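Got your viewer open? Load the file, switch to cartoon view and keep the selection box handy.

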Amino acid sequence: MNAVEIRDLTVAYDENPVLWDVDLDIPMSTLFAIIGPNGAGKSTLIKAALDLIPRAAGTVRILGKPYREVRKKVGYVPQRGSVDWDFPTDALDVVLMGTYGRLGWIRKPGRAEHELAMHCLETVGMADFAHRQISQLSGGQQQRVFLARALAQEAELYFMDEPFAGVDATTERAIIDVLRELRAKGKTVVAVHHDLESAPTYFDRVALLNVRMIATGDFETAFTQENLVKTYGGRIAVLAK
Amino acid sequence: MNLFHELLFDYTLRNVALGCMILGTVSGVLGSFAVLRRQGLLGDALAHAALPGVCFAFILTGLKTPIALLIGAALSGWIGMLSINQILKRSRIDSGAALGTILTVFFGFGVVLLTVIQKSYAGKQAGLDKFLFGQAAGLVAEQVLTMAILSIIALTVVVLLFKEFKVISFDPEFAQSISIPTHVVANMLSALLLISIVVGLNTVGVVLMSAMLVGPAAAARQWTNSLKKMLLIAASIGTISGLTGALISVLGTKIPTGPVIVIVLSLIVLLSVLFGSARGVVWESLRRRKRRFVEGQR
C-alpha cells in the first residue's frame, strides 16, 4: 500500500488551474520531495491532499483511505510565514497544539501531553526555549517549533510545506536528522523543497511539479536535466549531474 | 468606607457599577480574541449593525420589552455578520471595505428607523435613542441580571473551548488539518462577540461598544505574552474601567456613563502602551538606547 495516492487531481483558483490532472504515488517509509518553481502548485498539492482547499476533480487516498478517516495519523507543518508569530504564546504551548487532535473537544492537555511536548522540543534541540515567547525565536527556531508540533501529533505520515525555507545551518541539520529518524521508524515524510542541490542527498524520491506532474520516481530516473528543464523552463542555473 | 457602603446598598449605584463591570469583563475576553484574529473592527461593525434590529423589535413589540430589544439586536448583528461573510466570499472587496460598508448601511438604516419611531410614537419611546450612546444610569436590576446571565454563558463557553479558540486564532489551517472545524469554531467566537455587544447595548451603546472590545485587549497585550493571562488581564482592565467610569459618572457631575468608561479605558490603554511590562514602548526604547551605549563603549 502507498502512503499517498493521488489520481487526476485538478485544483483551480478563480477558474485558473493551479494543478492540472496530477497523478502521484508516494510509497511508505520514504522521504519524498516535491520540487518545482514558484507558482507550480506545490503547497496547493499538500493542501488539497489535506482537504484544506476544495478539489475541482480527482481523488486523494491517504494510507489507503479518504483523509477524514485517517486525520489522526497525519501530521502537518505549514509554511512558517502562514501564522502571526506575535501571537501571545510560548514554544511549548505551540507544540502542545500537536496533541489537540487526539484530545478532541473540550479536554485539556494534561501531564502526559506536556511530557510529550517537552520530549518533542528536545528532539529538535529546542528544550531550552520551551518558555520563550515565540516572537523572540529566530526563523530557524520557529521552524523547529513547528516541526516539534508535528512530532507531537505522533503521526504515520507528515506533510511539510518548505521546512528548510530560510533556516540556518544548525536548524537544517537538526531537521534532516529528525526526518531520517522518522524514516527509520517507518514513517513517511512528504516535503515541499526548494534547493535542487541538497534534494538528492536529503530525500529518497522526488516529484517534479509545474501545474502538471512532470516526472516522479527515484532521483536516478526522475531528476534528470531534461526533466528539470521541462519543470523550470529555461531559467535553471544549477543542474544535477 | 462611605463609598463602599453606597456601592453595596444604593440601588442605582449598585446596578450601574455591576452592569459596567459585567460588560467590562465579557468584552475584555471576547475582544481579545477579536483583536488577536485581526478582527478588531468586526466588533464595531456588528455593534452598529445591531441598531436596526433594536428598532424593529421596538416597532413589532410596541413595548420596551428589554429581552425583545436584545434579541432584535442580536439578530440584526448576526445578519450583518452573514452579509460581511458573503461579501468577502463572493466579491473581491477586501475586509476593511466590507466591514465599513455593512457598518454604515446598517447604522444609517437604524438611524432612519429611530427617527421614524420618534415621530410616530412620540413621547412613548423616550430613551430608545439611548442605545446610541447607552444610559447606564438607567439600568434596572432585571437588566443587570440579563447581562450577568448572558456573560456567564459566554465566559463558560470560552473556558470550555479555550484550546479550540486558541488554535483557530493562531493557526486556522493547522486547526482544520487536525479536524477542528475552523469555520464553525470561528462562527462560535463571532456569536460570543455578538453576545458581549448585546450585553453592552444598555450601558455604552452601539457607537462606543468597539472601544470596550478593543481597548482592554490592546492594553492587556502590553503586559503579557501568554494568551490565558492576556484574557484575565483584559477582563480585569475592562472591569476596573467599568467600575471607575460608573463611580465617576454617578457620583460626580451628570456625565453619561459610557463616554466616561471609554475615557478611563483609553487612559489605561495609553499607560499600558507606554509602560506595559511585556512590550511597553518606554522600556523598549531604553533597551535600545542602552544597547547603543554599550556598542559605543567598544
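Here is a short tour of a predicted model, one selection at a time.

**Stop 1: a strand in chain A.** Select residues 157-160 of chain A, which form strand S6. Turn on side chains: Leu157(A) and Phe159(A) point one way, Tyr158(A) and Met160(A) point the other, and all are buried. Now add residues 74-77 of chain A, strand S5, which pairs with S6(A) in the parallel sense over 4 bridges. In that pairing, Met160(A) is the bridge partner of Val77(A).

Next add residues 188-193 of chain A, strand S7; this strand also runs parallel to S6(A), joined by 4 bridges. Look for Tyr158(A) opposite Val189(A). To see how the chain gets from S6(A) to S7(A), show residues 169-184: that is helix H7(A), and the three elements make a right-handed β-α-β unit.

**Stop 2: a helix in chain B.** Select residues 95-120 of chain B, helix H6. Its 26 residues reach 37 Å from first C-alpha to last, close to the 38 Å expected. Color its buried residues, among them Leu99(B), Ile102(B), Phe106(B), Leu113(B) and Ile117(B). What do the buried residues of H6(B) pack against? Show helices H3 (40-49), H4 (51-61), H5 (66-90) and H7 (130-133) of chain B and you have the partners.

**Stop 3: where the chains meet.** Color by chain and go to the contact, which takes 28 residues from chain B and 32 from chain A. About 2800 Å² is buried between them, with carbon and sulfur atoms giving 61%. Pick out Lys163(B), Phe170(B) and Phe174(B): they supply 28% of the area that chain B buries against chain A, more than any other three residues. There are also 6 salt bridges between the two chains.

**Stop 4: salt bridges across the contact.** Select Lys166(B) and Asp93(A), whose closest N and O atoms are 2.8 Å apart in a salt bridge. This pair goes from helix H9 of chain B to helix H3 of chain A. Are these two buried or exposed? Lys166(B) is buried at 5% relative accessible area, and Asp93(A) is buried at 17%.

Then try Asp86(A) and Arg221(B), a salt bridge with closest N and O atoms 3.8 Å apart. Asp86(A) is partly exposed at 30% relative accessible area, whereas Arg221(B) counts as buried at 7%.

**Last stop: a salt bridge within chain A.** Select Arg102(A) and Glu154(A), with closest N and O atoms 3.8 Å apart. The pair links distant parts of the chain, 52 residues apart.

Methods
Residues are numbered from 1 along each chain as its sequence is written. Chains are lettered from A and ligands numbered from 1 in the order in which they are written. This is a predicted model: local features need pLDDT of at least 70, side-chain atom pairs count only at pLDDT 80 or more; totals for chains, interfaces and linings use all residues. Side-chain values use heavy atoms; hydrogens and water are left out. Buried means under 20% relative accessible area, exposed over 50%, partly exposed in between (1.4 Å probe, protein chains only). Helices (H or I, at least four residues) and strands (E, at least two) are DSSP runs, numbered from the N terminus. Two strands pair if DSSP finds at least two bridges between them. A crossover is right-handed if, with the strands pointing away from the viewer, the path from the first strand over the helix to the second runs clockwise. The expected span of a helix is 1.5 Å times one less than its number of residues. Contact means heavy atoms within 4.5 Å. Buried area is the accessible area (1.4 Å probe) that two parts lose on being put together, summed over both. A salt bridge is a side-chain nitrogen of Lys or Arg within 4 Å of a carboxyl oxygen of Asp or Glu.
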